[in-house]
Structures are given as structure tokens and as C-alpha cells.
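Thanks for making time. I will go through one structure, taking a few places in turn.

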Amino acid sequence: MLASHSYYSFRYGTLSPEEVLDQGVVNDFDVVALADINSTAASLHFVRLAQKRGIKPVLGIDFRNGAKRMFLALAKNNKGWEEINIYLSHFLHSGEPVPEMAPNFKHVFVVYPFAADKLDSQLKTITQLKSNEYISVQSHDLIRFSRSPWAKKLDKVVIGHPFTFSSKKQFNAHRLLRAIDNNCLLAKLPKSEEANPGHLWMHRNELMALYGEWPQIIANTTRILQECRISFEYGDAYPHKNLRVYTDSLAEDEALIRQLCEDNLAYRYPNAGPEVQKRLDMELEVISQKQFVSYFLINWDITSYARRMGYFYVGRGSGANSLVAYILRITDVDPIELDLYFERFINLYRKNPPDFDLDFSWRDRPDITRYIFERFAHCAILATYNTFQYRAVVRELGKVFGLPKEEIDLLCDGKFQVERLDELSTLVLRYGQLIQGFPSHLSLHAGGILIADRPIHGFSPTWMPPKGFPTVQFDMIVAEDIGLYKFDILGQRGLGKIKDALAIIEENQPDAPPIDIHDLRRFKQDATIRGMLSRGEAIGCFYVESPAMRMLMKKLRVDNYLGLVAASSVIRPGVAKSGMMREFILRYRFPEKRNAAHPVMLEIMPETYGVMVYQEDVIKVAHFFAGLTLGEADVLRRGMSGKFRSRGEFAKAQGKFFSNCKKKGYADELTVEIWRQVESFAGYAFAKGHSASYAVESYQSLFLKAHYPLEYMVATVNNGGGFYSREHYLHEARMHGGIVVPPCINRSRHEAVIIGKEIILGFGFLQGLEDETIHRILRARGVLDSAQTPLDSAQALGRDERRISISIQSDARRAESKRVENLDHTELFRPFSSLDDFLDRVPIGVEQIDILIRIDAFRFTGRNKRELLWEARFKLHPNDHNLEQPRLFREPRTNYTLPTLRSTQLEDAFDQIELLGFPLCDPFKLLVDLPPAHTLARELPALIGQRVEMYGYLVTARDVRTSRGDHMAFGNFVDREGQFIDSVHFPPVRRQFPFRGRGVYKITGRVTEE
């Protein structure tokens, strides 16, 4: 058997790698070759699985243009594997078609398909096959082959029967996948786009019988497969494959990291005592012993570049437990202040490199990524596999079968009776279940970057997604299997808010004192922030703004940094599941409740009153309560998270936990209860360092909102909002005295701007307004700092995201810019004086000008927008598409006399809802009839236990399931004074009164307080 396909031949194959090997075992093959179509996504995983099943794996690539095979390439060894990966990468990057002839591979077997219908041309093209090149013949072509000249060149012929399906049903699924890929009806699918139905798996003896008259073909095939040997190192028994040496040697790396720590120690600890030095020496020794020095230096390099460029970042995760990381400024959390265990991050049991998560502003991350790829030799982005989800595949299959939209919607929604479905609908459901979960295509990991110690193509080819960075064809799990551990470089809008808010404050309040956003000591003592925390007034402030988090802070009345750190982990599902969330709240609020804690647990965790809150608490309990070493305790913690693969070590640590507790004299009931608490939440709680890192960013956000609320809310909406919609952040700005107005032709930019207390929405808020239109308006005004382009693209890696890059302008834009340079700038770069002046200076179509007029962007003219709409239509030609043609002379425009036209507040609101997505007026004023007497949010504390009737404008609703699987919901509204109303909708109520989208709701219920 020369080659098989898995379903990582995307939208072609139908078998998982496991099923391919199962077929190999069942059909008595001791060698199985996997050669997916222009893909190696399954290859590394396939080799690992094959080794476990006693099957020799062979790897190759089926090079095709579309469904047409050019040739098959099988790697003789790992060098050959790298060769074909490099070759495939060229076509995946360039988009060029694969040629008919393979290059001069040195360690690769090349197999061309026998083409009976193109025999003459094939013989002319392949007059002399190289020593590594062969022709393959399929079983159904043997008769024609026997009459061809190739029958006399048997030393160059091999078996060409590909194994793609295991049953007729899978072949049918294959045809459906091909129709989906070709976006056509199944009946219209060309035969050239599908495989031969005979490409089924068969027993080895059956295959040999088909080629029984051609023993040399069998011998050639067997010899090729025997010569192919591929191997990779899997698991922790082998060294990792990440970049091992940052400088030129391990010794130089160790010297460098010690020098850097000495140089930066005073910055973190001006008066470092022996405790700090002892901890530092211990960490450096372990880091060196585990040979993780380069990992720290790489992260130091990345964050150093970020600081040089003025980029904000947060180093979070368990890396915050490291003093070395803190001193090197990879993180900003003091592990000594917070009593963070280094063993939670690195210990002698750990085999794989440590994991830092570096968060950057979503605007800065592209440049950080570019820097990494330029700074280090062997880099690639990690891939993920997008799979067919059931509803999506049912919809696709419905289109393939030609079902009308109404029937497809019915199948997707599940609102049907199976016995009443016709045959086609039944087929859609049947094959939808089969195809569900198949990989559909490759996508990008959220932030994983590989930095390897050898060429990436030794593992995988790379493809080039729109972001413009080479990306491997395997995911994180496969990467870890072969010893490649990702660097997480993540984009976060919260950091963008902070950075932009500082710039907006400087522009809007130039006399404000300078802000050191890293002065956390000052923020911790800020009375305004303390009050905001205890009242849950944190809208817009990173992760503490969610309804659940704000409610928890109000329950706790938390008003300090450590309380916020604890709250961020307490809210995690594991703590709630263990029953300790409620217990923590009670002990936090009522000191007398702390006496319920076991004395040993209270001594271990005095800061959290004997309650396990953080992942580190598992280590503490295992170490101090059960007497495990710190290393063994972390093995226990990792085992409970589900990520630790060596279950043997975990079982050993678990056994020692119970045996040690028995030796210490603990009652069995106590040991079992403590173990239950540990087991129930260890995999879901945050690491304390992770919570502390998030709390730092939250405090920075809280400071800006406390003292510069309007500027901070503008930065928030310009960065896409957060948990809530843009509308609600603008509402929050109004609650702090802001005046929100629609876009203005003369004052708006792409994003929102603030002048004093007036917030002017940007052109980018308008749905349907094209980027090109925005660019023209801003260029005509001489504004070059507001035309934002997609900053995650490879073309937008510049240092200043506010500049319009000439390099990404179209030819037409360049021509216009050149024309602009030759004109009088005083005449050109000025505010628009009228609609006519705008039309003279900005090429624009009727639909685009309509949007601007309807949103009242020409209100500076003092004219009614209905009049302007008519006038614009008279003065513009709807069919004039030559908008880029420069006008040498301004033509006089005819003014028309129009009757008096009016527009109402209701009409304005509907225009705003259509163009912005929300009204700018008070939504309660849009109601036809709002009863004058109803309860307000501020009145609720005095109405505990009473039934009330309220009216609320929906902010957000969250649907959840009860322990019985029933649906219930949590609602968040604002009343007519802008204050929050939180509601709980139990299953019977939710069924009877479901949420119906945005709008004002009448809320009736009983006021409760916990």
C-alpha cells in the first residue's frame, strides 16, 4: 500500500488518523503511508500513534492542483521530510500551481500517476525518470497499462491504489465534502472533483491478488516502503526543541541572566535584603539546572523591545510566581510581597519549558510579532483546526442537496418531527452527524508562536494567512508532543484602552499633572478607587466590569488590592463547586465566621481565612497539611488540571497525600473532606500570580476611570468596548457628565474624540460608511492621524497606528495625494463651509452622502437634514462612478428652493439606531407611554422582600443552565436615571417571558438581598 488519506486532506478525506491506522491493523498491513493532499496536519500525530500500534509509519504529501494529482512525494527520511515541506511551503505561500514535474529531491521518492488518456504526452515529458522517480498504476488501469510502453519498464512502476475510504457511506460523505468545497449542488459536482469510488481500504491479500500478475510492481512498492524511515522524539523523555541557547552557549546564557538580575535588582528592590537574594539564587540555580535560561532571556528580549517602543504589556500566568521574571520586568507582580511559590512555576519535576503569557495592546501586538520573526531564526505561528459544527454542516448539506432556505432553517433549529421529514432532509441529518467534527480548514492559534532551535520545516510546511506570518500545519497539542512549546503573545484591548486614555487625557487636559500609570502603590491607597471597588462601580475596567464580578465585589465589599486578587479567583467555577466561594464571602465579611476553619488550614492560608482560593493553595495544603514536598505538591496540582499526562506520578502523589495525613493523626473524615475541596477546584482556580497580574491592570483602569472618566470611556469605545456594547460605555460617559453627539463632518475623526466634555463620535462608528470615504474626508481636512486601517494585517506593522501609511494606499489615493501637494494648502486644508464646499472637495456617491446627512453630520450648516438629503440628490449623479477623477475646476452648483421640511426626535433616533446601532437620546423618551409611577433602582434597598414594578433598558442578558439542565437567565438593565437593575429569571419565568432583544422591559418581581 503506497499511500492513504486522512480527513486532514481537508474536504476530501473521511478517516481520522486513528481510523487510518485501525484500517491498517484490520487489513494486515505492517507499513502504512500517510500522504494527505497538500497537507501534513495529521502527519506528526500519525507517526506517534503508529509507533504505539506497532505499525511502521511512512510520511508523504500528495501534491495536487485542486483535485488533480501532479505527483506523490514520499520522504525517505527526516531530511526528505524537510525537503518536501519546504517545497509545499513555496506553493502555500505564493499561491502558484504545482508543476507537473517534481524538483531534484535528494531524499524523496517521487511517484507520478499513470495517465492512460495522456500517454503520449506523458512519455514525451518523462523520457528519463530519475533514480528516485516512479510511475504508479491503479488497479482499474492495469489492462490499459499492460498495453502501454510502461509495461516494458516495470522497474519504474509501483502500486498506485490510494486508500481513502473504508465504506460506501464514507465515499458518499466524500462527495458531499467535495460539493461543499466547490460550493455547488451535488448533482452538479464534476467527476474530476471527486475520487474514484474504488479507492476503498482492502485486505493486504486482496490488494496483492489484484497485482498478482505483476510481481515486480509489488516488489518495487515493498522496497520503496522499506527504504522510507521517519522518526520524531515524543514526550518528556527527550529534550525540548525550543531555542535552547540565547547567546552562543549555555555558559554565556547563565552569565547573562545573572548579570541582568544584578543590574535590575535595585529597580525592583532598592534595599534588597537577604530574603530576596536567597530567593534569587535559588531560582537561578533551578532555572540553570533545568536549562530554561534561554526561555527567560527570550521573554526578556521581547519585553525589553516593547518598553523601548513604549508598548504596554502584562506578563501574567504562573510566570508571576518567579522573582527572576519580576526583576527582569517580564512581569509586574512582586512574588515575595504576595508569597507566591516559585515551585508553582518551575520545579525539578517539570520537564517542559515554563509558560509565560504576554499580553500586549491589540494595536501593538502585530509589531511585537514582526520583531520576534525578525529577531529569531526559526519561528512560526501555531495553527488550530476549524471543524465542521453540526448546525453549520447541516446548513451546508442542505444547500448541496438543493433544499429551500425555509427547510434548511427548520433542520438547523431542530424544530421538526423526524417521521415527517422527506428523504433528502433525512440524508442531510444522517450525513451531518457523520461529518460533524471533521476538520474543515486550518486557522490561527490565538497567540501561540513557536521559536525553535532548528528549521521549522523539519516538522511541517508553513502556509501564509492574511496576518502575513508563516504558520505551521499542526496545533498546540501536536507541538507539545514533539517538544515544541509555544510562546503566548496575546492581543488585549484593555491595554489599548489604558494607552489611548493617557494620550487622550494629555490632549484634552494639557494642564493635568503627569500620570505614572505604573505607580501601583499610589493606586492602592487611592480612596476613590477603594470606594468604587466596594460599590462595584467598575464598568469598563478590564475583567472586574462583568455583572458577576461587580456583584461579587459588592457582596465582599472589597476595597483593597489583595481582596481584588482573591475575588478574581473566588469567582472561578471550581471554588464555587467546592462550596468554598460562599464560605470565603462569609469569612471575609464576618470575622467571627473564621473560627469555623480548621486550625491547620487557617495557619496555612491566613490571608484567605483557611479557604483554598488559588491554585497555589493546593500546593500549600499538600505541602504543609499533608507533608508532600513542594515538587510533589505541584505534580498533584498539575494532575488535577487535566494537563499532566503522567498519571503514574499523580497517583503516587495522591497516595502519599492520604498516607501522610494518616501519619499526622488526622481523622479520615477530615482528610477526605480536604481532598474533596482540593479535587473539586484545582483545575479551575486561577494561579495567584495570574490573578495579581490582572488586578494590576484593573487598578490602572480604575485609576483612569476614577479621575478621568470621560477620557477613559472615549478610549474604551475606541478600542471596541469590552464586556458591554459601545452604547453602554457612552451611557456611562453621560453618567459622568459627558455630552455625546453624532459624527460631525468638520470635527470627527475615524474614532471618537473628546473636546472638553463633548464626545464626538467618529466616522468609523457609522455602519455602511466605507473606509475610502472616511479617508477622503480626513485628507480633505488635512487630518492624517485618524484614518485607522486593520492593524492586525502585515501591512499595518508601523510604530504609530494613527498615521496613514502611504505604502498601503491605492494608486488612486496616491494620484489624489500628488494632486493635493500641488494645490494651495491654506485653501484645501480647512473646515468645510457648506454642503457645496464638501461636494467640491470630497468625491462621494449618493449612498455615502446619505449616511452622513442622516446622522446629522452637516448640522454645522444649520439646515434641516431632510432638506440636505434632497439637495444632495439634485447635485450628485447616482451613476457617476468615476469618483477618483480629479476636478481641475470647480463647477458652479445650482441652488434649489425647497419647501420647509421637518424631522422629529423619533426619526432622528431611528436613523441613529440604523446607522450607529443605538439611539443617542434617552431610550425611555422613545416610549409612547411610560407610567409615571414606578420603582427606581436607588429605591430598592428600602423595599427588601416586597414585589415591585420597574422599567429597565436592557444592557445584557446571560443564559445559563441549572444543575438539572433547565435554562435560566440573568438580566442587567438600567433605569431611567441610568442606575443598574440586576434580575434573576428562573426557568419557569424564562420560559414564559423570554428576552426579545434590545429595548425597554417592564420588570415585575420580588426584591431580594443575599
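Take Cys-184 to begin with: its sulfur is 19 Å from the closest cysteine sulfur, the one in Cys-412, and that is too far for a bond. I should say now that this is a predicted model. A disulfide is a covalent bond between the sulfur atoms of two cysteines. The cut-off used here is 2.5 Å between the two sulfurs, and by that rule the count of disulfides is zero. Cys-744 is not in a disulfide either; the nearest cysteine sulfur belongs to Cys-921 and is 19 Å away. Are these two cysteines buried or exposed? Cys-184 is buried, at a relative accessible area of 19%. Cys-744 is buried too, at 5%.

Next, the sheets. There is an open sheet of six strands, with the order β1-β2-β3-β4-β5-β6 and mixed pairing. Which strands stand at its edges? They are β1, residues 31-37, and β6, residues 157-159; each has a single partner strand, so one side of each has no neighbour in the sheet. From one strand to the next, the twist averages 35 degrees.

Inside that sheet, look at β3, residues 68-75, and β4, residues 108-113. These two run antiparallel and are joined by four bridges. Leu-74 is the residue opposite Phe-109 in β4.

Two helices lie across this sheet. Helix α2, residues 43-52, lies across β1 and β2, and runs at about 155 degrees to β2. Helix α3, residues 78-94, lies across β2, β3 and β4, and its angle to β2 is about 20 degrees.

Now to another open sheet, this one with four strands. Its order is β19-β18-β17-β20, and the pairing is antiparallel. At the edges are β19, residues 980-985, and β20, residues 1000-1006, each pairing on one side only. Ignoring direction, neighbouring strands here are turned by 50 degrees against each other on average.

How many bridges pair β18 with β19? There are six, in the antiparallel sense, with β18 covering residues 967-974. Asn-972 stands opposite Asp-982 in β19. The two strands form a hairpin with five residues between them, and Gly-978 in the turn has a positive phi of about 90 degrees.

Stay with β19 for its side chains. In a regular strand the side chains alternate between the two faces of the sheet. In β19, Ile-981, Ser-983 and His-985 point to one face and are buried. Phe-980, Asp-982 and Val-984 point to the other face and are not buried.

Which helix lies across this part of the sheet? It is α21, residues 547-556, which lies across β17, β18 and β19 and runs at about 105 degrees to β19. The buried residues in α21 are Pro-547, Met-549, Arg-550, Leu-552, Met-553 and Leu-556. Their cover includes the strands β17, β18 and β19, and also the helices α20 (527-535), α22 (561-570) and α24 (580-589). Right after α21 comes Arg-557, with a positive phi near 55 degrees.

That brings up backbone angles. Most residues other than glycine have a negative phi. Gln-291 is not a glycine, yet its phi is positive, at about 60 degrees. Where is Gln-291 found? It is in the loop between α10 (274-289) and α11 (293-308). Its relative accessibility is 45%, so Gln-291 counts as partly exposed.

Asp-339 is another residue other than glycine with a positive phi, near 55 degrees. Asp-339 is in the loop between α12, residues 323-327, and β8, residues 357-361. With a relative accessibility of 43%, Asp-339 also counts as partly exposed.

The last stop is a charged residue, Glu-711, in helix α31, residues 709-718. Glu-711 is buried but has no salt bridge. How far away is the nearest side chain of opposite charge? That side chain is Lys-757, at 9.8 Å, and a salt bridge here needs a distance within 4 Å. What, then, is Glu-711 in contact with, leaving aside its neighbours within four places in sequence? The list is Ala-501, Ile-504, Ile-505, Asn-508, Gln-509 and Ile-754.

That is the end of the list; I can go back to any of these places on the screen.

How values were computed. Residues are numbered from 1 along each chain as its sequence is written. This is a predicted model: local features need pLDDT of at least 70, side-chain atom pairs count only at pLDDT 80 or more; totals for chains, interfaces and linings use all residues. Side-chain values use heavy atoms; hydrogens and water are left out. Buried means under 20% relative accessible area, exposed over 50%, partly exposed in between (1.4 Å probe, protein chains only). Two strands pair if DSSP finds at least two bridges between them. Axes are lines fitted to C-alpha atoms, for helices over the stretch in contact, and angles run from 0 to 180 degrees between N-to-C directions. Contact means heavy atoms within 4.5 Å. Lys and Arg count as positive and Asp and Glu as negative; His and the chain ends are not counted.
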